[in-house]
Amino acid sequence: MKTRVTQLLEIEYPVIQGGMAWVADYHLAAAVSEAGGFGIIGAGGAPASFVREQIIRCRQLTNKPFGVNIMLMNPQAEEIARVAVEEGVKAVTTGAGNPGKYMAMWKDAGIRVIPVVASVAMARMMERGGADAVVAEGMEAGGHIGAATTMTLVPQVADAVEIPVIAAGGIADGRGFAAAFMLGAEAVQMGTRFVAAKESTAHSKYKEKIIAARDIDSEVTGMSHGHPVRQLRNPMTREYLRLEKAGASFEELEQMTLGALRKAVVEGDTVNGTLMAGQSAGLVKGELSCSEIIREVMQQGGNLLNPEYRKSEW
Ligand code: TUI
């Protein structure tokens with residue numbers, strides 16, 4: 001299937017894997033790219049040296065293009081931005097901030113720049129700054145989120161910019177894929193579905209929680225201090241929300257979640273860990289390989305779209 005995004009990234013299918021901190025390592029990224037999608041190494045809060053190592057290892061597993069996601073709140077974001085240039089990755093996606101100051105450097109190096117945005121204003125700003133595409137991520141997504149839903153954000157971003165739009169947030173199967181295209185997207189990004197992939201090195205207990213999750217099993221913490229994070233409900237979120245309601249300070253709450261994502265992903269601590277996941281966890285029914293996931297999404301999504309979808313060639 002051909003869209004402006006498959007052409008931009010030189011991939012077979014318009015399916016992009018989210019750059020999830022701790023989860024999106026070179027194993028997952030290489031598996032998604034090998035399956036014809038676009039794999040992404042998530043830098044999260046990692047140091048630049050770790051990200052470089054991940055890129056090198058990914059290249060040993062696949063000759064296909066892949067990218068790096070830079071979480072802009074990482075204190076080493078600037079160094080990682082340079083590592084992406086030095087290692088010559090195909091594309092950079094960014095999250096949780098404005099990547100404006102790095103864009104010229106990436107463009108000069110021929111890297112495709114795809115900021116993740118949660119608003120129309122940010123999408124417009126990114127287009128003016130030279131972005132090649134944007135990921136419009138709705139609040140159904142896991143992790144750090146904005147306020148708009150995917151259903152409302154994607155068409156408004158698609159109307160506001162000329163560059164291609166990639167839909168994210170709440171998409172986990174072919175129905176979500178087809179719906180995203182109907183809203184004006186030319187690719188989808190999925191995170192939660194790939195956390196539970198066979199090639200994902202996330203702890204089995206974390207994967208099991210995603211697979212067992214129902215529609216209403218996620219919570220948003222941190223709303224009161226402007227850092228909303230969607231994750232699966234567990235004793236940690238219950239305590240966090242209790243403290244937040246009681247007026248606990250940002251610092252106090254931060255202390256509670258320090259290292260909690262690692263606890264969930266690496267140690268499988270489902271009690272004290274942050275089990276980041278989107279609302280689409282309720283759609284994830286089992287642990288499939290990346291290739292099986294992409295094949296299923298494309299088959300179901302393609303059947304739903306064809307022949308109505310006119311922007312793409314089949
Ligand atoms: O970035 C994400 N999702 C994330 S980042 C992350 S790491 C983390 N770990 C613990 C606590 C908090 C975060 C986990 N999940 N998605 C992309 C995204 N970007 N969603 C929303 C935004 C965003 C928000 C504000 C993008 C730009 C923005 O601009 C603000 C500004 O600078 O004007």
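**Exercise 1. The ligand shell**

Task: Determine how the residues of the shell around the ligand in this predicted model divide into nonpolar, polar and charged, and identify which residues come nearest.

Solution.
Step 1. Sorted by class, the shell residues comprise 8 nonpolar, 5 polar and 1 charged.
Step 2. The ligand has 14 residues around it, of which Ala-96, Val-116, Met-122, Glu-137 and His-144 come nearest.
Step 3. The polar distances are then listed. For Ala-96, a polar backbone atom is 3.0 Å from a nitrogen atom of the ligand. For Glu-137, the atom concerned belongs to the side chain, and this polar atom lies 3.1 Å from a ligand nitrogen. For His-144, a polar backbone atom is found 2.9 Å from a nitrogen atom of the ligand.
Step 4. Coverage completes the description: on its own the ligand has 710 Å² of accessible area, and the protein covers 68% of it.

**Exercise 2. The nonpolar cores**

Task: State how many residues the largest nonpolar core contains and which of them touch the most other members; then describe the surroundings of Phe-194.

Solution.
Step 1. The largest nonpolar core holds 80 residues.
Step 2. Those that touch the most other members are Val-15, Ile-70, Trp-106, Val-157, Phe-177 and Phe-194.
Step 3. When residues up to four places away in sequence are not counted, Phe-194 touches Val-15, Ile-16, Gln-17, Met-20, Leu-28, Val-32, Ser-200, Cys-290, Ile-293 and Ile-294.
Step 4. Another core, of 15 residues, lies apart from the largest one; Val-5, Phe-38, Val-116 and Ala-168 are among its members.
Step 5. A general tendency gives the context: in soluble globular proteins, nonpolar side chains tend to be buried together.

**Exercise 3. Ile-293 in helix 14**

Task: Is Ile-293 buried or exposed, and which residues does it touch?

Solution.
Step 1. Ile-293 is located in helix 14.
Step 2. Its relative accessible area is 1%; because buried means under 20%, Ile-293 is classed as buried.
Step 3. Beyond neighbours up to four places away in sequence, Ile-293 touches Met-190, Arg-193, Phe-194, Ala-197 and Leu-288.
Step 4. As for a distance across the chain, Ile-293 and Ala-212 are 81 residues apart in sequence, and their C-alpha atoms are separated by 18 Å.

**Exercise 4. The burial of helix 8**

Task: Identify which residues of helix 8 are buried and what covers them.

Solution.
Step 1. Helix 8 spans residues 174–182, and its buried residues are Gly-174, Gly-176, Phe-177, Ala-178, Ala-180 and Phe-181.
Step 2. The cover over these residues includes strand 1 (15–17), helix 7 (150–160), strand 8 (165–168), strand 9 (187–190) and helix 14 (290–305).
Step 3. Gly-184, just after the helix, takes a positive phi of about 110°.

**Exercise 5. Positive phi outside glycine**

Task: Where are Glu-10 and Trp-22 placed, and what phi values do Glu-10 and Trp-22 take?

Solution.
Step 1. Glu-10 belongs to the loop between helix 1 (4–9) and strand 1. Although Glu-10 is a residue other than glycine, its phi is positive, near 55°.
Step 2. Trp-22 occurs in the loop between strand 1 and helix 2 (26–34). Trp-22 is not a glycine either, and its phi is positive at about 75°.
Step 3. The accessibilities are then classified. Glu-10 has a relative accessible area of 52% and is therefore exposed, the threshold being over 50%. Trp-22, at 46%, counts as partly exposed.

**Exercise 6. Arg-4 and Thr-274**

Task: Describe the contacts of Arg-4 and Thr-274, and state how accessible Arg-4 and Thr-274 are.

Solution.
Step 1. Arg-4 is placed in helix 1 and counts as partly exposed, at 38% relative accessibility.
Step 2. With neighbours within four places in sequence left aside, Arg-4 is in contact with Glu-162, Ile-163, Pro-164 and Glu-186. The side chains of Arg-4 and Glu-186 are joined by a polar contact of 2.8 Å.
Step 3. Thr-274 sits in the loop between helix 13 (260–267) and helix 14. Thr-274 is buried, since its relative accessible area is 5%.
Step 4. Not counting residues up to four places away in sequence, Thr-274 touches Gln-231, Met-236, Ala-260, Leu-261 and Ala-264.

Terms used: Residues are numbered from 1 along each chain as its sequence is written. This is a predicted model: local features need pLDDT of at least 70, side-chain atom pairs count only at pLDDT 80 or more; totals for chains, interfaces and linings use all residues. Side-chain values use heavy atoms; hydrogens and water are left out. Buried means under 20% relative accessible area, exposed over 50%, partly exposed in between (1.4 Å probe, protein chains only). Helices (H or I, at least four residues) and strands (E, at least two) are DSSP runs, numbered from the N terminus. Contact means heavy atoms within 4.5 Å. A residue is near a molecule or strand if one of its heavy atoms lies within 4 Å of it. A polar contact is a pair of N or O atoms within 3.5 Å; within protein, one must be able to donate a hydrogen and the other to accept it, and residues adjacent in sequence count only if both atoms are side-chain atoms. Accessible areas come from the Shrake-Rupley method with a 1.4 Å probe; for residues, only the protein chains shown count as cover. Ala, Val, Leu, Ile, Met, Phe, Trp, Tyr, Cys and Pro count as nonpolar, Asp, Glu, Lys and Arg as charged, and the others, Gly among them, as polar. A nonpolar core is a set of buried Ala, Val, Leu, Ile, Met, Phe, Trp, Tyr and Cys residues joined through side-chain atoms within 4.5 Å.
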